[in-house]
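Trainee: I am new to this structure and would like a close look at its interior. Could you take me through that part slowly, saying where caution is needed?

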Amino acid sequence: MNNTRSGVLAEVVARLVATMIGVAFVIAVAAIPRVFSSPPAPVGVGQTTLHWDGLAVVLSALVLGLSTLIQAFAIRYLRGDTRQLWFVASSTLLTGFTVLMVCAGSVAVFAVGWIGAGLALLLLLGTYWPLAQARRGVRSTAVRFIIADTAFVLAVILLLAASGGDVSWGQLAAVCAALPLPGQLIVAALLVTGALARSSQVPFQGWLPFTLAAPTPVSALMHAGVVNAGAILLFRFAPVIAVHASVMTVVFLAGAATLTYAAAVRLVRADVKGRLVFSTMGQMGFMIMACGLGLFAAAIFHLIAHSLFKSALFLGAGMGVNEHAIDRDLPPVTPHTRASLGVSIVVGVVVPTATLLTVTLILFPSTSAATLGLLGFVSLTASVALAFALMTNFTVRTVVGGIGATMLLAAGYVVFLHTFTSAIQPALPISAAPAWLLLLPALALLGLQLLASTRWLGGIRDLLYARSLTATVSRPPTVTGVMS
């Protein structure tokens, strides 16, 4: 009887919390037009507590909307689970601290939101604490967060000490410029360390793969929201980071290395959640690369798209397993001919590249070299996806549909990207990493695809397969005693 009452109480609380967050989401969405039509408005104690600008309102709506969706999903998913109230409390804390972080109007307030969100994530990962895998995930995450957040807090302390108090975003550039060059570089490096760790980037990539024991709602919250914090930090602290080309190059290379590593590992993962984890790491790598190129608004644009897409994938992971089982039992696909193979490759390369380039040159002729390079990288990945889709099922219908859908998506991508960039890109001098560095991850991804799909260089492929597979296997827990 007590268990039944506890379960009913937990569900009532979960529904109430989901409703409250949903109301906050509606308010945030309603505020978007007003915020974008007026200058940023700092509000709160000392005019530095909160900063209601375009980035804050868009990301607040994103966080609150995803939290509402995931909380509603969790009502059914965790119904009758003794840990339901734990999830509701922890996820609400995570939502609150994340909203505080994106709406922070000063360095100190951002730090409170950043640290609070990290602690709330650890509580969420401990939802099923009795499981050994869950405990290993919490410990692995905690160790990396402590190391990286220590660096972040040191950077915050240096900035607060240099200004003699809290620093608003409008004052950040002047405070940083007053520091000697070594001090500027130290602060920038410490901030980048925190950003890379929170987004599971090389060399802090170890924590995210070991959180698979978390229930699906926790995974959805984590992959759709928490790992995006690195890009948000880089955006807000751009006046400190973006003025140093060497720091921006390090940011770009860390993202490129993570993207390549995640792509290699994803090829060998057989489980759905495991593949989604490394897909998230790869997407975070792409966003960090965009930040290194100085394209902060583009990174936020991809952050939003990835959050919406990945939350849907995690919440539908069970259906994905069923669909995979059905596809496995279907008759094998008819092998492609040389003609269909050639057409697939030509269509896959020409259609995305031509569409992106044409729309950009006609509508936005003053596009920067960095943005063109990023569009070229997007074109490469779109070409691979379209070509292999056509190779898998080559018919007149799939060719026509693939061309039409790709052209529509590519044109819409360019228009939305430039519109979003003009709305929130920070207006400050940026010493970005050179755009030609995009060739490095592009060539690496092409090499991985060739190794995975051809019989050439079989020894290298087998070695890469073995290394990638072992990199994702956690060590067994240490045996502290002998069972009798």
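Mentor: Let us begin with the cysteines: with a disulfide counted when two cysteine sulfur atoms lie within 2.5 Å, the number of disulfides comes to zero. What is being counted there is a covalent bond between the sulfur atoms of two cysteines. Two of the cysteines can still be placed in the interior, because C176 has a relative accessibility of 1%, under the 20% that marks a buried residue, and C291, also at 1%, counts as buried by the same cut-off.

Please keep in mind that this is a predicted model. The average pLDDT of the chain is 82, and 85% of the residues score at least 70, but over residues 476-484 the value falls below 50, and that stretch has one contact in the model beyond near neighbours in sequence. Where pLDDT is low, the predicted coordinates should not be read in detail.

Before going inside, it helps to have the whole chain in view. The chain holds 19 helices and two strands, and 48% of its 484 residues count as buried. Of the contacts between residues at least 6 apart in sequence, 80% join residues at least 24 apart. The chain exposes about 22,900 Å², of which carbon and sulfur atoms supply 72%.

The largest nonpolar core has 138 residues, and F110, L234 and F237 are the ones with the most contacts inside it. Helix 2, residues 54-77, gives the most to this core, with 14 residues. Another core lies apart from it and has five residues, among them V351, L386, L390 and V399.

Helix 9 is a good place to look closely, since L234 belongs to it. All eight residues of helix 9 (residues 229-236) are buried, so the helix is largely enclosed by the rest of the structure. Leaving out residues up to four places away in sequence, L234 touches V192, A195, I241, V251, I288, C291 and F296, and C291 is one of the buried cysteines named above. R236, which also lies in helix 9, counts as buried because its relative accessibility is 7%. Beyond its neighbours within four places, R236 is in contact with H51, D53, L55, A56, V102, A104, F110, W169 and L172.

F110 appears again around F152, a residue of helix 5 (residues 132-163). F152 is buried because its relative accessible area is 0%. Setting aside neighbours within four places in sequence, F152 is in contact with F110, A111, W114, L190, L191, L233 and F237; of these, F110 and F237 are among the residues with the most contacts inside the largest core, and L233 is one of the buried residues of helix 9. F152 and W114 are 38 residues apart in sequence, while their C-alpha atoms are 9.5 Å apart in space.

Helix 12, residues 272-292, is mostly covered as well, with 18 of its 21 residues buried. From its first C-alpha to its last, helix 12 reaches 30 Å, close to the 30 Å expected at 1.5 Å a residue. G294 follows helix 12 and has a positive phi, near 85 degrees.

A loop also reaches into the interior, for S200 sits between helix 7 (181-198) and helix 8 (216-224) and counts as buried because its relative accessibility is 0%. The phi of S200 is near 55 degrees, a positive value in a residue other than glycine, and, with residues up to four places away not counted, S200 touches Q205, W207, L208, T258 and M281. P203 is found in the loop between helix 7 and helix 8 too, and the peptide bond from V202 to P203 is cis, with omega near 10 degrees.

How values were computed. Residues are numbered from 1 along each chain as its sequence is written. This is a predicted model: local features need pLDDT of at least 70, side-chain atom pairs count only at pLDDT 80 or more; totals for chains, interfaces and linings use all residues. Side-chain values use heavy atoms; hydrogens and water are left out. Helices (H or I, at least four residues) and strands (E, at least two) are DSSP runs, numbered from the N terminus. Buried means under 20% relative accessible area, exposed over 50%, partly exposed in between (1.4 Å probe, protein chains only). Contact means heavy atoms within 4.5 Å. A nonpolar core is a set of buried Ala, Val, Leu, Ile, Met, Phe, Trp, Tyr and Cys residues joined through side-chain atoms within 4.5 Å. The expected span of a helix is 1.5 Å times one less than its number of residues. pLDDT is the predictor's confidence in each residue, from 0 to 100. Accessible areas come from the Shrake-Rupley method with a 1.4 Å probe; for residues, only the protein chains shown count as cover.
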